[in-house]
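Subject: Structure handover

Hi,

Here is the structure I promised to pass on. Please open it first; my notes follow below.

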Amino acid sequence: MLEKRLFIPCDDHDIPMVIARPDGEGPFPCMLLLHGFMSYKEGDGYLFTKTAEKLAEAGIASARIDFCSMGENRYSRVHYGTKICIKEAKVAFEYLQTNEHILHDRIGILGHSMGGRITFLSSELPSKCLVTLNGAVNVAKRGAMKLTGLNTQEMEARGYTVYHTSDGRSELLFSKFVEDLQIHSDAIYNYANPILVCVGADDPTVDPQVSYSFVENCGMNNVDLLVIEKANHTFNAKTKDYTKVYELLSKMIPWLKEHL
């Protein structure tokens, strides 16, 4: 596997990107990997690092990015929210369409957690397929994303609050993020290419019912469901036991090879 670290211009800032591809020049099919809330391009527990490695072994390239103010992305936290993440995903996707090592018409999008929300909200991009991992996929008008542990009173009084993440960090979160939670779109219901919804059955962070409800009620015949039993929000990646991650990838990658 070969990896290249890039910085992609996006208006007044740059998007950090790591492209991982199989040995050789290609061009290769590619998945754009979108990380979750307050995470970074390697993914919680290195979920995306492991994903990139297994994709490359299967002949599929990948590109993982840092969203606004996460990881190496130096754009101010005051902008962090759904709107800028959608913008950055679009810019990253459009860059991949121009990369000489990537098949421009065989690019899919994969998002974990909040990244799954951005994946669905990016459904108007010409992607070959969409994949969500414990995604916050309730993006339609009748859906709403909820954030536990948020001090709304402090947010209203100051315009920001200190948010304590699940991995022990204390981070500033500004009102822009909460405002953007209201962004919704029904465009996913017009998406014609394949969709794979992956669920850790024991996810305590994003209720698995969010994904189950979409699959059951979307009325679409291009949606598949993959459930990994005894797997939490990161498919146990944060425990450094990657058994469930590899179980997920062993089932997801054959699906990708068929549909990407």
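Where is the place of N222? N222 falls in a loop, the one that connects α6 (208–217) with β10 (223–228). Keep in mind throughout that this is a predicted model.

Is N222 buried or exposed? N222 is buried, because its relative accessibility is 13% and the cut-off for buried is under 20%. The side chain of N222 makes polar contacts with backbone oxygens. A polar atom of that side chain lies 2.9 Å from the backbone oxygen of Y191. The side chain of N222 also reaches the backbone oxygen of N193, at 2.7 Å. Leaving aside residues up to four places away in sequence, N222 touches Y191, A192, N193, P194 and I195.

Now the sheet. It is open and has eight strands. Their order is β1-β2-β4-β3-β5-β6-β9-β10, with mixed pairing. The edges are β1 (2–10) and β10. Each has a single partner strand, so one side of each has no neighbour in the sheet. From one strand to the next, the twist averages 20 degrees.

Which way do β3 and β5 run relative to each other, parallel or antiparallel? Strand β3 (residues 28–34) and strand β5 (residues 102–112) are parallel, joined by six bridges. Opposite M31 stands G108 in β5. Helix α3 (residues 114–121) packs on the sheet. Helix α3 touches β3, β5, β6 (130–133) and β9 (195–200). The direction of α3 makes about 135 degrees with that of β5.

One residue in β9 deserves a look: V199 is placed in that strand. V199 has a relative accessible area of 1%, so it counts as buried. Residues up to four places away in sequence aside, V199 touches N134, P208, S211, Y212, L225, L226, V227, I228 and F235. As for G24, it sits 175 residues from V199 along the chain. The C-alpha atoms of V199 and G24 are separated by 33 Å.

Next, the aromatics. How many aromatic pairs does the structure hold? There are eight. One of them is F37 with Y80, a stacked pair. Their ring centres are 6.3 Å apart, with 20 degrees between the planes. The pair links distant parts of the chain, 43 residues apart. F37 is in the loop between β3 and α1 (47–57), while Y80 is in the loop between β4 (61–65) and α2 (82–96). F37 and Y80 are buried.

F37 also pairs with F177, and this pair is tilted. The centre-to-centre distance is 5.1 Å, and the planes make 50 degrees. This pair, too, links distant parts of the chain: F177 belongs to helix α5 (residues 175–180), 140 residues from F37. Both F37 and F177 are buried. Together, F37, Y80, Y163 and F177 make one aromatic cluster.

Finally, two lysines over tyrosine rings. K50 lies over the face of Y242, 4.6 Å from the ring centre. K54 has its charged end over the ring of Y246, at 5.1 Å from the centre.

If you have little time, begin with the loop that holds N222. Then go to the cluster of F37, Y80, Y163 and F177.

Best wishes

Methods. Residues are numbered from 1 along each chain as its sequence is written. This is a predicted model: local features need pLDDT of at least 70, side-chain atom pairs count only at pLDDT 80 or more; totals for chains, interfaces and linings use all residues. Side-chain values use heavy atoms; hydrogens and water are left out. Helices (H or I, at least four residues) and strands (E, at least two) are DSSP runs, numbered from the N terminus. Buried means under 20% relative accessible area, exposed over 50%, partly exposed in between (1.4 Å probe, protein chains only). A polar contact is a pair of N or O atoms within 3.5 Å; within protein, one must be able to donate a hydrogen and the other to accept it, and residues adjacent in sequence count only if both atoms are side-chain atoms. Contact means heavy atoms within 4.5 Å. Two strands pair if DSSP finds at least two bridges between them. Axes are lines fitted to C-alpha atoms, for helices over the stretch in contact, and angles run from 0 to 180 degrees between N-to-C directions. Rings of Phe, Tyr and Trp (its six-membered ring) pair if their centres lie within 6.5 Å; planes under 30 degrees apart count as stacked, over 60 as edge-to-face and the rest as tilted. A charge sits over a ring if NZ of Lys or CZ of Arg is within 6 Å of the ring centre and within 35 degrees of the ring normal.
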